Amino acid sequence: MASYGSSLNLSQSLASGPEKSSPAWKPSHSRSSSTLSSSRHVVKDWEVIDETQAGGDNPHEVTTPGICEGYLLKRRKWPLKGWHKRYFVLEVGNLRYSKNQQDVCRGRVQGSLDVGLAVMSINKKSNRIELDAGDILYHMKAKSHELFYIWVTKLQAHRLYKKNASSHGAAAGQSLRNGDLVSGGVADPAEAPSGVPPSANTAANSKVSAWLQQSHDPDLCVQELHRCNVELSEINRLIQRLQMLDTGQTLTNGDLKRIISIQLSSSHLGSSTNLGASASSIPDYVFSQLPPPTFTSPEGKRIQQDICAMSLRVIASLKAVHETLSQERQKLQEAWETNNIHQANTLAEPAAESHGPPSVADSAAEYFDASYDVICGSSSDVSDESGLSEGSTTDSEPEEGHASATRKYRASISRTPNSAVPKSTGRRTTLPAHCPDNSHVGLMAILYNNIGKDLARVSMPAPLNEPLNLLQRLCEELEYSELLDTANNTPDPYQRMVYIAAFAISGYSTATFRNRYKPFNPVLGETYECIREDRGFRLISEQVCHHPPISACHADSENFSFWQDQRWKNKFWGKSLEILPTGMVNATLPRYGDHYEWNKVVTCIHNVLSQQRYLEHYGEVTIRNLKSDVCTCKITFVKSRYWGSETNKNEVQGAVLDQSGSIIHRFGGLWHEGIFCDTLPTPKCVWKPNPQPKDHLLYYGFSSLAMELNELDADLKPLLPPTDSRLRPDQRLLEEGKVEEADRKKDDIEEFQRERRKELNKKGQEHVPRFFRKAKDSCGRDVWLSNDSYWKLRENPGFANTENINVW
């Protein structure tokens, strides 16, 4: 593989087009340092680039920028550690990459991204470039400043070109009107749906027009398919000659068609992922239909070689068609999502004005609602970039065997009947009111108007929230606590680990239908208790710190103890929001004296500014037994692949390893459908999520347990401390459907918290958590542990007879 020095020369030699004659793009603290007019939102060391000269002086003159290609470092997404070296090619606004130059030239790309649809942010100090297209997120880094500046300049030129081309396409009248392709004229604006703003259609029109101008690949597909047809006929002729020559048998044209049709039908053409794999198996399948070879003549060998060569050409043609169709599908999807983004943002503008963006003075104020610390990268990024060396070539993509194993697990899970519906607990099964429609909320205005601010200090509208908070979310992770009960009654340590792993995975299933709303952030000192006689556990949680926000919880049962303290670091990249949790999860099993500890994985919300947003988890979880080194467990949450289909999302696989690293048990499935283990004495589905309650989408996507968490029983209320989340007024008002009142009350609570903090500062005091204490774990990390006082105070003398803080 070429060195970075040659990569730099290559990038310089291939930098062509009109922008090469412009002054070089040089580092500067000035926001106007770029030769291309752009506005930059500076967040610490990051700049979010937004080109403003989309139309140029003459939008009808669109000049294609030159190609740029060379090696860059790309952040690994499998298993999310370190960087790997990849070869990138930027051409006509399309950025492709693969392992090396040869693969890119042969069309074997690992990923492709339209830079015109991506949000671009850069970090000059670390030579970092981030491109966020919603579904696709590229983290890239250059080896040198010179290479970094070349790529930034070329990326800006191609982004500007795509916007100019879009404007040019719209002016030429080649557009999509109201979702229909118009050829030979302009659609009547009066026919536009009344609910869709003209600006939304214009945005979609310009994007799709540019795509139509540049998409000549469908013609290539026709040529390749025609070539396949000719070469398959030639293969048929050669096979017949070979059969007649050496075996006296013939493979008729009908037989060959049957073989090919069987192979293609088995590929399930609705899934583009399987087409390439099926195509590669055609020669093997054809060969398997032939009798055992008995020929020894030179002519027979020559014909066999011709068949192999022709088969390879067919494979290459089918793979080219596969790649082209996949790229076109991605372009269509991005154009569709861009249209929806513009519709949502255009509809949101009046609401954003009525709500009003926070003023400059608000930056000094403290708000307690924002989802967490959301920033566009940070200077601390360097600290978590350890892993592979910069020259590493380890593949970051999951192997094909991984996907096939998931398909096998999924088939086994689907054959497993659903668990029996839990008996009625006597608790509520619905909420007092349906969830509000928040499509009108100008989320884009909120995020982009506050780039550079700590979003923990920016108030979010109440309609963006669900009537639960993060303390209650921690309790939701015990929805499948029966897995811990089973583990405590399983004598085999390897099988015990399987159930612990299934429990660790089950906590992510609550997010399946929960991507439209965010939980309330607890205020400092807020608490939550949960006593579940039906499940055999009781839990207490408390907000122990506000900057950074830390939520701690502890649960007890006859069969287990469970505790964790969680904090979240969020990164907003323009279209995607990555949530990186820190802090370990702990569970102990008293029967065997086990103490299990594991980490959490990254959660990413894609297309966060669109109503088509979706959520995925990815990364690796390592489970260790701190009391025994008999076995460990590694779980992988697979990041969705670039060319994958909907059926490839949410994959998870794991293995239980002994002391020598040998695999004892394998398991896998999907975190929203279930986990199957086929290495147990009796292979079985070890976990499957409970069915969702009726009309769950009308109630924030809540599960049955989530429906019950904020219920306030008349007999329970006198026993709770006044800091319990069920007594929080704004959250209660939102649950009852009183959205405007909840919004006003939330503002009051935030103002009260600011005043409370000021009073403590005047006295030189800090808030001291009431039910948790700070300590160090075995690795020297700060942890928050229960001080065992909550349940004692609750029983005697009771919270009504104790001194309590006022948090709202």
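Okay, let's start with one cut-off: buried here means under 20% relative accessible area. Keep that in mind, and keep in mind too that what we're looking at is a predicted model.

So, first stop, Glu47. At 10% relative accessibility, Glu47 falls under the cut-off, so it counts as buried. What does its side chain meet? The side chain of Glu47 makes a salt bridge with Lys124, 3.3 Å from N to O. Glu47 sits in strand β2, residues 46-51, while Lys124 is in the loop between β7 (119-123) and β8 (128-132), so this pair ties together parts that are 77 residues apart in sequence. And Lys124 is at 13% relative accessibility, so that partner counts as buried as well.

How many salt bridges are there in the model? The count comes to 31. Let me show you a couple of others. Arg567 forms one with Asp565, with the closest N and O atoms 3.9 Å apart. Here Asp565 is buried, at a relative accessible area of 5%, whereas Arg567, at 24%, counts as partly exposed.

Then go over to helix α16, residues 739-762. Lys762 and Glu759 meet there through their side chains, 3.9 Å from N to O. They are three residues apart in that helix, which means about one helical turn separates them. Lys762 is exposed, at 68% relative accessibility, and Glu759 is partly exposed, at 38%.

There's also a network of salt bridges, if you want to pull it up: Glu466, Arg473, Glu476 and Arg514 are linked in it.

Now for a charged residue without a partner of that kind. Asp658, in strand β25 (residues 651-658), is buried but has no salt bridge. How far away is the nearest side chain of opposite charge? That's Arg666, and it is 12 Å away. So what is around Asp658 instead? A polar atom of the Asp658 side chain lies 2.9 Å from the backbone nitrogen of Ser662. Leaving aside neighbours within four places in sequence, Asp658 is in contact with Tyr494, Val630, Cys631 and Ile664.

On to the nonpolar side of things. The largest nonpolar core has 80 residues, and Trp598, Ile623 and Ile635 are the ones with the most contacts inside it. Which element gives this core its largest share? Helix α13, residues 493-506, with nine residues. A second core, separate from that one, has 26 residues, including Leu95, Leu113, Ile129 and Met140.

Take Ile623 from the big one, and skip anything up to four places away in sequence. Ile623 then touches Met497, Ile500, Ala501 and Ala504, among others. On the same contact list you'll find Tyr596, Glu597 and Trp598, and also Thr632, Cys633 and Ile635. Trp598 and Ile635, remember, are the other two names from the top of the core's contact ranking.

Last one, Phe148. You'll find Phe148 in helix α3, residues 145-171. Buried or exposed? Its relative accessible area is 0%, so Phe148 is buried. And look across to Asn127: the two residues are 21 apart along the chain, and their C-alpha atoms are separated by 5.8 Å.

That's my tour. Happy to go back to any of these on the screen.

Notes: Residues are numbered from 1 along each chain as its sequence is written. This is a predicted model: local features need pLDDT of at least 70, side-chain atom pairs count only at pLDDT 80 or more; totals for chains, interfaces and linings use all residues. Side-chain values use heavy atoms; hydrogens and water are left out. Helices (H or I, at least four residues) and strands (E, at least two) are DSSP runs, numbered from the N terminus. Buried means under 20% relative accessible area, exposed over 50%, partly exposed in between (1.4 Å probe, protein chains only). Lys and Arg count as positive and Asp and Glu as negative; His and the chain ends are not counted. A salt bridge is a side-chain nitrogen of Lys or Arg within 4 Å of a carboxyl oxygen of Asp or Glu. A polar contact is a pair of N or O atoms within 3.5 Å; within protein, one must be able to donate a hydrogen and the other to accept it, and residues adjacent in sequence count only if both atoms are side-chain atoms. Contact means heavy atoms within 4.5 Å. A nonpolar core is a set of buried Ala, Val, Leu, Ile, Met, Phe, Trp, Tyr and Cys residues joined through side-chain atoms within 4.5 Å.
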